[in-house]
Amino acid sequence: MTITENVPFSATALISYCWGENIKFSGTIKNYVLVKTTPEGIQFSRHWSVTGLTGKGVTASGILTGTNYIVKKGTEMFFVKNAVLNADGTLNVSASLIKSSLLIHRGDILFENTLTGATIL
């Protein structure tokens, strides 16, 4: 069964080493979750696409820089073989990191500086 829903989301792109600042972003994503039980165990996959995310520049120590960003596009894929789930069916990330036999995470986000139009992927 696949669950699709719009959900609030926030994260920080730790890119100060190459961009000069990190970007803390939040907003709404379209979240797709599939949990499947197979003879090999529980498989959990999640991917999302952007529906509305904005960001703020922050220093490596967490101080706001005043730079604003919009997320032009972005996707993420997360797959866990032999996943450990919480009682409500959501992924227990910390337990899965220790006990799962395969964990794949991949994502790409395109940010645009709202003042200069500069982009970073």
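In the predicted model, Phe 25 is buried, with a relative accessible area of 4%. Phe 111 likewise counts as buried, at 3% relative accessibility. Both residues fall in that class because the cut-off for a buried residue is a relative accessible area under 20%. Phe 9 is also buried, as is Phe 25.

These side chains take part in aromatic pairing, for which the count comes to 4 pairs. Phe 9 and Phe 25 form a tilted pair, with 6.1 Å from centre to centre and 40 degrees between the planes. This contact links distant parts of the chain, since Phe 9 belongs to strand S1 and Phe 25 to strand S2, 16 residues apart. Phe 25 also pairs with Phe 111, here in an edge-to-face arrangement with a centre-to-centre distance of 5.3 Å and an angle of 70 degrees between the planes. Strand S2, which holds Phe 25, is thereby linked to strand S5, which holds Phe 111, and the two residues are 86 apart. Through ring pairs, Phe 9, Phe 25 and Phe 111 are joined with Trp 48 and Tyr 69 into a cluster.

Phe 25 appears again in the description of the pockets. The second largest pocket has a volume of about 290 Å³. It is lined by 17 residues, and those closest to its centre are Ala 13, Phe 25, Gly 107, Asp 108 and Ile 109. At least two lining residues are supplied by each of S1, strand S4 (64-81) and strand S5 (102-113). S5 provides the largest share of this lining, namely 6 residues. Classified by residue type, the lining comprises 10 nonpolar, 4 polar and 3 charged residues.

The largest pocket encloses about 360 Å³ of space. Its lining consists of 15 residues, with Val 33, Phe 44, Gly 89, Thr 90 and Leu 91 nearest the centre. Strands S1 (2-13), S2 (22-38) and S3 (41-58) each contribute at least two residues to this lining. The greatest contribution comes from S2, with 4 residues. By class, 9 of the lining residues of the largest pocket are nonpolar, 3 are polar and 3 are charged.

With regard to confidence, the chain has an average pLDDT of 88, and 99% of the residues score at least 70. Among the elements of the chain, the lowest mean pLDDT, 84, belongs to helix H2 (residues 93-99), and the highest, 92, to strand S6 (residues 119-120). Where pLDDT is low, predicted coordinates should not be read in detail.

Terms used. Residues numbered from 1 in each chain as written. Predicted model: local features only at pLDDT ≥ 70, side-chain atom pairs only at ≥ 80, totals over all residues. Heavy atoms only, no water. pLDDT = per-residue confidence, 0-100. 1 Å grid on protein atoms, 1.4 Å probe; cavity = no way out; pocket = protein on both sides within 12 Å on 5 of 7 lines; lining within 4 Å. Points joined across faces, edges and corners; volume = space filled by probe spheres on them. Nonpolar A, V, L, I, M, F, W, Y, C, P; charged D, E, K, R; others polar. Phe/Tyr/Trp six-rings, centres within 6.5 Å; stacked < 30°, edge-to-face > 60°. Buried < 20%, exposed > 50% of the residue type's maximum accessible area, 1.4 Å probe, protein only.
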